[in-house]
Amino acid sequence: MTSQPDSNIPLLRGPVTLSHMFIRNFVFEGDNAVDATCGNGQDTLALAGRVGLTGRVWGFDVQGRAIAETGRRL
């Protein structure tokens, strides 16, 4: 018998989709989170939205340009 995929699980198409699924399912209001590669700040922004005003997000990147873009986006 062939099993069908759970319709509640989105099709995972690459690392960004997978990481955002983890953010939605495991990061909650008041949590602390780390974005170790800020890039353009989209994941940092997603984390900040999940942790809310009572949580905290630390963002890091080796490129100053990525830090600046993340700060602008936030």
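How many salt bridges does a search of the whole structure find? I ran the search and it finds two. The model I am working from is predicted, and I keep that in mind for every entry below.

**Entry 1. Overall layout**

I began with the secondary structure and recorded three helices and two strands. Reading from the N terminus, I noted the order of the elements as α-β-α-β-α. The protein has 74 residues, and 18% of them count as buried. I then looked up the exposed surface, which comes to about 5700 Å², with carbon and sulfur atoms supplying 57% of it. For contacts with a separation of 6 or more, I found that 52% are accounted for by residues 24 or more positions apart.

**Entry 2. The salt bridges in helix α3**

I took the pair Glu69 and Arg72 to begin with. Their closest N and O atoms are 2.6 Å apart, and the pair forms a salt bridge. I checked where the two residues sit: both belong to helix α3, which covers residues 64-73, and because they are three residues apart there, about one helical turn separates them. As general background, I note that side chains of opposite charge can pair when their charged atoms come close.

I compared the two partners by accessibility. Glu69 has 24% relative accessibility and therefore counts as partly exposed. Arg72 reaches 58%, so I entered it as exposed.

The other bridge links Arg73 to Glu69, with the closest N and O atoms 3.6 Å apart. Arg73 and Glu69 are four residues apart in helix α3, again about one turn of the helix. Arg73 has a relative accessible area of 28%, so I recorded it as partly exposed. Since the bridges share partners, I entered Glu69, Arg72 and Arg73 as one network.

**Entry 3. Thr44 and Thr70**

Is Thr44 buried or exposed? I found a relative accessible area of 4%, so Thr44 is buried. Thr44 is located in helix α2, which spans residues 42-51. I looked for a polar partner and found Asp35: the side chains of Thr44 and Asp35 are joined by a polar contact of 2.5 Å. Setting aside sequence neighbours within four places, I listed the contacts of Thr44 as Asp35, Cys38, Val57, Thr70 and Leu74.

Thr70 appears in that list, and I examined it next. Thr70 belongs to helix α3, and its relative accessible area of 5% makes it buried. With neighbours within four places in sequence again left aside, Thr70 is in contact with Cys38, Gly39, Asn40, Gly41 and Thr44. I note that Cys38 is contacted by Thr44 and also by Thr70.

**Entry 4. Nonpolar residues, inside and at the surface**

Which residues make up the largest nonpolar core? I found five: Ile23, Val27, Ala33, Leu47 and Val51. I followed Ile23 further, leaving aside its neighbours within four places in sequence, and found contacts with Asp43, Ala46, Leu47 and Arg50. Leu47 is thus both a member of the core and a contact of Ile23.

At the surface I looked up a nonpolar patch of about 300 Å², made by Leu18, Phe22 and Phe26. Phe26 is part of helix α1, which covers residues 15-26. I entered Phe26 as exposed because its relative accessible area is 54%, and the cut-off for exposed is over 50%.

**Entry 5. Thr54 in a loop**

Where does Thr54 lie? I placed Thr54 in the loop between α2 and β2, the latter being residues 56-59. Thr54 has 58% relative accessibility and so counts as exposed.

I then looked for partners distant in sequence. Thr54 and Glu29 are 25 residues apart along the chain, and their C-alpha atoms are separated by 6.7 Å. Not counting residues up to four places away in sequence, Thr54 touches Glu29 and Gly30. I also found a polar contact of 3.1 Å between the side chains of Thr54 and Glu29.

Conventions: Residues are numbered from 1 along each chain as its sequence is written. This is a predicted model: local features need pLDDT of at least 70, side-chain atom pairs count only at pLDDT 80 or more; totals for chains, interfaces and linings use all residues. Side-chain values use heavy atoms; hydrogens and water are left out. A nonpolar core is a set of buried Ala, Val, Leu, Ile, Met, Phe, Trp, Tyr and Cys residues joined through side-chain atoms within 4.5 Å. Buried means under 20% relative accessible area, exposed over 50%, partly exposed in between (1.4 Å probe, protein chains only). Contact means heavy atoms within 4.5 Å. A salt bridge is a side-chain nitrogen of Lys or Arg within 4 Å of a carboxyl oxygen of Asp or Glu. A polar contact is a pair of N or O atoms within 3.5 Å; within protein, one must be able to donate a hydrogen and the other to accept it, and residues adjacent in sequence count only if both atoms are side-chain atoms. Patches are made of residues with over 30% relative accessible area and no salt bridge: like charges are joined within 9 Å, nonpolar side chains (Val, Leu, Ile, Met, Phe, Trp, Tyr) within 5 Å. Accessible areas come from the Shrake-Rupley method with a 1.4 Å probe; for residues, only the protein chains shown count as cover.
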